[in-house]
Amino acid sequence: TAAPGGTVSVRVEPGGGDLYEVTTTAGGDGAWSVDLSEVGFGPDDHPWALVRDTDAPSGADETTTRETVDATEISVDLASLGQPTQVTVSFTDAPGVGHDATVDWGDGTPTTPAEVDEGAGTATAAHVYDAPGVYEVTVTVADTAGGAGNPDTISGLAVVYDPEGGFVTGGGWIASPAGAYTPDPSLDGRATFGFVAKYLPGAQTPSGNTQFVFHAADMNFHATSYDWLVVAGQDRAIFKGSGTVNGIDGHRFMLTATDGEPDTLRMRIWEDTGTVVYDNHPDGGETALGGGSIIIHR
């Protein structure tokens, strides 16, 4: 914004090209805009800009802006224990600007550089984990020109599974808290569950069965397929897959189960669109069983 009715001078530079100056008049509310096509900018050009309200005192109300580095998407490959896990990040920024990228693999090892493909707007790296688990991977993309919003970070989950690492079974109930069932957060009460998840000999995806019923909402979830199973350490298993809610397809789930003192469980169910239907511990924790048991089999 600028002084209402004031003249605004915009000095722009297209990613290392010539300098241009455009003037415009602010509206009655002080808002203004300029059409950079008037000085030859196309839809794929991303300018630096020095903006000054010419009606303000010299040096006042002057800002320098630039298109920000934006890490837009992250993809992390599923990998078996001992095989490389590859991460790929897509990013956008002004053309003709260099970038560096680093990866924090979430397992306590030092960060590593990623290989940047400026033409494709991607950064890739690979890492071999020492143990099965679900790790948070964070990629940092930095604009070497020092642009605004620099650097940007994006995170995803690396899943490392061991087909020989055991399986998990469980059955019982939890006290489902208010807020867990998104369509009606006021509902609470007993939720019953039963599951088995394991890798059959030679299989790369797990098999089994999972059912979860939240009685107050008449919600009945039934798994139809599994994506992966991770048995981490001696006491925890996490598995993810697809299923139905009251017979309706288009749902995903992830279940975390701990064989401990006490046994605990977290069930998260969401639609393919990303809308969460149920989560008994959205803060990432787990609920102690009210009855039943969870067993990690080795």
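In which strand does Trp228 lie? In this predicted model, Trp228 belongs to strand β17, and that strand offers a convenient route through the structure, since both a nonpolar core and the lining of an enclosed space draw on it, as the following paragraphs set out.

The chain as a whole is built without helices: it contains zero helices and 23 strands. Of its 298 residues, 39% are buried, and the accessible surface comes to about 14400 Å², with 48% of that area belonging to carbon and sulfur atoms. When contacts with a separation of 6 or more are considered, 51% of them join residues that stand 24 or more positions apart in the protein chain.

Trp228 itself illustrates such a link between separate parts of the sequence, for its C-alpha atom is separated by 7.3 Å from that of Tyr161, although the two residues are 67 residues apart along the chain. With a relative accessible area of 7%, Trp228 falls under the 20% limit and therefore counts as buried. Apart from neighbours within four places in sequence, Trp228 is in contact with Leu78, Val134, Val159, Tyr199 and Pro206, and also with Ile238, Phe239, Lys240 and Met254.

Nonpolar side chains tend to be buried together in soluble globular proteins. Here the largest nonpolar core has 37 residues, and those with the most contacts inside it are Phe212, Met219, Leu265, Ile269 and Tyr278. Strand β17, which spans residues 219-232, supplies the largest share of this core, namely eight residues. The surroundings of Ile269 can be followed in detail: once residues up to four places away in sequence are set aside, Ile269 touches Phe212, Met219, Phe221, Val245, His251, Arg252, Phe253, Val276, Val277 and Tyr278. A second core, separate from the one just described, has 20 residues and includes Val69, Phe91, Ala123 and Val160.

Tyr278 also leads to another buried position, Ser176, which is found in strand β14, residues 167-176. Ser176 has a relative accessible area of 3%, and because this is under 20% the residue counts as buried. Beyond its neighbours within four places in sequence, Ser176 makes contact with Asp188, Gly189, Ala191, Phe214 and Tyr278.

Where is space left between the atoms? Rolling a probe the size of a water molecule over the atoms shows where empty space is left. A search of the whole structure finds one cavity of 30 Å³ or more, and about 40 Å³ of space lies in the largest cavity. Its lining is formed by Pro132, Tyr161, Asp162, Gly165, Tyr199, Leu229, Val230, Val231 and Arg298, a group that divides into six nonpolar, one polar and two charged residues. Strand β17 gives the most to this lining, with three residues.

The largest pocket holds about 180 Å³ of space, and its lining consists of Val134, Leu157, Arg236, Ile238, Met254, Thr256, Arg266, Arg268, Gly284 and Glu286. Among these, Val134, Ile238 and Met254 have already appeared as contacts of Trp228. At least two lining residues come from each of the strands β18 (236-245), β19 (248-258) and β20 (264-271), and the lining divides into four nonpolar, two polar and four charged residues.

Conventions:
Residues are numbered from 1 along each chain as its sequence is written. This is a predicted model: local features need pLDDT of at least 70, side-chain atom pairs count only at pLDDT 80 or more; totals for chains, interfaces and linings use all residues. Side-chain values use heavy atoms; hydrogens and water are left out. On a 1 Å grid over the protein atoms alone, a cavity is a set of points where a 1.4 Å probe fits but cannot get out, and a pocket is an open set with protein on both sides within 12 Å along at least five of seven lines; lining residues have an atom within 4 Å of a point. Grid points are joined across faces, edges and corners, and a volume is the space filled by probe spheres set on the points. Helices (H or I, at least four residues) and strands (E, at least two) are DSSP runs, numbered from the N terminus. Ala, Val, Leu, Ile, Met, Phe, Trp, Tyr, Cys and Pro count as nonpolar, Asp, Glu, Lys and Arg as charged, and the others, Gly among them, as polar. A nonpolar core is a set of buried Ala, Val, Leu, Ile, Met, Phe, Trp, Tyr and Cys residues joined through side-chain atoms within 4.5 Å. Buried means under 20% relative accessible area, exposed over 50%, partly exposed in between (1.4 Å probe, protein chains only). Contact means heavy atoms within 4.5 Å. Accessible areas come from the Shrake-Rupley method with a 1.4 Å probe; for residues, only the protein chains shown count as cover.
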